[in-house]
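User: Could you walk me through how the labels in this structure are justified? I'd like to see the reasoning behind each one.

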Amino acid sequence: MRILALPVLALPLAACAGYSEPASSPSDPGDAMRGSCNAEPAQAHVGQQATERTGAAILAESGAEVLRWGPPNSAWTMDYRTDRVNVRYDEARQITEITCG
């Protein structure tokens with residue numbers, strides 16, 4: 001009886017699984033580059049205080065769409081995103097590193 005109950009219990013979970021169409025390629029090759037991060041123009045902010053204003057400037061100068069703050073002694077996921085700029089800072093809230101990904 002228990003063996004028969006397992007498929008019945010798994011059915012609602014299978015219904016939650018979705019299907020999505022594969023992403024289509026952009027019609028304009030320039031679309032793929034919009035939001036791409038380039039950390040080089042933002043390197044002047046290394047050594048400055050990590051503030052909302054500084055973060056906004058780094059985001060604008062890097063061309064990224066997403067800003068990720070890296071507090072001291074914290075773990076980060078290893079996923080790489082071309083549209084994200086990463087800003088690490090130390091215990092004194094001074095920016096120590098600006099990278100893309």
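**Labels and their reasons**

Analyst: Happy to! I95 lies in strand β3, which spans residues 95–100. Bear in mind that this is a predicted model.

User: Why is I95 called buried?

Analyst: The relative accessible area of I95 is 2%, and buried means under 20%, so I95 earns the label. Leaving aside neighbours within four places in sequence, I95 is in contact with residues including H45, V46, I58, V87 and Y89.

User: What about N86: buried or exposed?

Analyst: N86, in strand β2 (residues 84–89), has 4% relative accessibility. The cut-off for buried is under 20%, so N86 counts as buried.

User: What makes the pairing of the N86 and R68 side chains a polar contact?

Analyst: The two side chains make that contact at 2.9 Å. A polar contact requires a pair of N or O atoms within 3.5 Å, one able to donate a hydrogen and the other to accept it, so 2.9 Å satisfies the distance limit.

User: How do you know that C37 and C100 form a disulfide?

Analyst: Their sulfur atoms are 2.0 Å apart, and the limit is 2.5 Å, so the pair qualifies. This pair links distant parts of the chain: C37 sits in the loop between α2 (29–33) and α3 (52–62), while C100 is in strand β3, 63 residues apart.

User: Why is this disulfide called left-handed?

Analyst: The torsion about the S-S bond of C37 and C100 is about -70 degrees, so the disulfide is left-handed.

User: And why is C100 partly exposed?

Analyst: C100 has a relative accessible area of 23%; partly exposed falls between the 20% and 50% cut-offs, so the label fits C100. C37, at 15%, is buried.

Technical notes: Residues numbered from 1 in each chain as written. Predicted model: local features only at pLDDT ≥ 70, side-chain atom pairs only at ≥ 80, totals over all residues. Heavy atoms only, no water. Helix = DSSP H or I, 4+ residues; strand = E, 2+ residues; numbered from the N terminus. Buried < 20%, exposed > 50% of the residue type's maximum accessible area, 1.4 Å probe, protein only. Contact = heavy atoms within 4.5 Å.
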